[in-house]
Amino acid sequence: MLKTIIYIAIGGAIGSVLRYLTTVLVSKYWSSHFPLATFIANVLGCFLIGLFIGILEKNNLANSNLKWLLITGFCGGYTTFSTFGLENYSLFQNQNSLLAFAYIGLSVIVGLAAIGLGMFLSK
């Protein structure tokens with residue numbers, strides 16, 4: 001278990017730093033009210049998690065330490081939206097569209113409500 005945690009920590013650290021650098025780079029060239037850096041990180045994270053899962057499955061490495069490093073660590077550190085995207089993609093692939101839409105809707109609505117509650121309680 002400790003070995004797994006180390007893989008996740010290394011991947012997470014790299015992903016978090018890359019997330020920060022994405023924000024710095026985008027902010028340098030783009031100034032707008034639209035949160036482009038977050039959008040890019042979310043879309044890129046979704047692309048990368050799909051790419052990594054595909055490569056790991058193709059090479060029978062879906063249960064290897066690389067999964068912990070790349071998926072849970074790196075993609076999780078870069079953006080948790082990629083995991084959210086993968087989970088919904090899997091729900092759609094498994095013919096659970098209603099559950100996927102419920103998950104999407106509830107995540108957005110409850111997430112926004114939780115932010116509001118947290119802000120309210122902090123004041």
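What follows is a short conversation about a predicted model of one protein chain.

Biologist: Happy to start from scratch! How many helices and strands are there in the chain?
Modeller: The chain has five helices and zero strands, so its pattern along the sequence reads α-α-α-α-α. The C-alpha trace spans about 45 × 40 × 30 Å along its principal axes.

Biologist: What pLDDT does the chain average?
Modeller: The average is 92, and 100% of the residues score at least 70. Among the elements, α1 has the highest mean, 96, while helix α4 (residues 81-93) has the lowest, 90.

Biologist: Now to a single residue. Why does Asn42 count as buried?
Modeller: Buried means under 20% relative accessible area. Asn42 has 17% relative accessibility, so Asn42 counts as buried. Buried residues make up 23% of the 123 residues in the chain.

Biologist: Where is Asn42, and what is Asn42 in contact with?
Modeller: Asn42 lies in helix α2, which covers residues 36-58. Apart from neighbours within four places in sequence, Asn42 is in contact with Thr79 and Phe81.

Biologist: Let's look at how helices pack. Why are α1 and α2 called oblique to each other?
Modeller: The axes of α1 (residues 2-29) and α2 cross at roughly 135 degrees and come within 9 Å. Over 145 degrees would count as roughly antiparallel, and 65 to 115 as roughly perpendicular. The angle of roughly 135 degrees fits neither range, so α1 and α2 are oblique. The crossing of α1 past α2 is right-handed.

Biologist: Which residues make that contact?
Modeller: From α1 come Arg19, Thr22, Thr23 and Val26, and from α2 come Leu36, Ala37, Thr38, Ile40 and Ala41. These residues divide into five nonpolar, three polar and one charged.

Biologist: And what makes α2 and α3 roughly antiparallel?
Modeller: Again, the angle decides. The axes of α2 and helix α3 (residues 65-78) cross at roughly 175 degrees and come within 10 Å. Angles over 145 degrees count as roughly antiparallel, so α2 and α3 are described that way.

Biologist: Which residues take part in the contact of α2 with α3?
Modeller: On the α2 side they include Leu44, Leu48, Phe52 and Leu56, and on the α3 side they include Leu66, Leu70, Phe74 and Tyr78. Ala41 of α2 is also among them, and Ala41 takes part in the contact with α1 too. The contact of α2 with α3 has 13 nonpolar residues, one polar and one charged.

Terms used:
Residues are numbered from 1 along each chain as its sequence is written. This is a predicted model: local features need pLDDT of at least 70, side-chain atom pairs count only at pLDDT 80 or more; totals for chains, interfaces and linings use all residues. Side-chain values use heavy atoms; hydrogens and water are left out. Helices (H or I, at least four residues) and strands (E, at least two) are DSSP runs, numbered from the N terminus. Buried means under 20% relative accessible area, exposed over 50%, partly exposed in between (1.4 Å probe, protein chains only). Contact means heavy atoms within 4.5 Å. Axes are lines fitted to C-alpha atoms, for helices over the stretch in contact, and angles run from 0 to 180 degrees between N-to-C directions. Angles under 35 degrees count as roughly parallel, over 145 as roughly antiparallel, 65 to 115 as roughly perpendicular and the rest as oblique. A crossing is left-handed if the near helix is turned anticlockwise from the far one by less than a right angle, and right-handed if clockwise. Ala, Val, Leu, Ile, Met, Phe, Trp, Tyr, Cys and Pro count as nonpolar, Asp, Glu, Lys and Arg as charged, and the others, Gly among them, as polar. pLDDT is the predictor's confidence in each residue, from 0 to 100.
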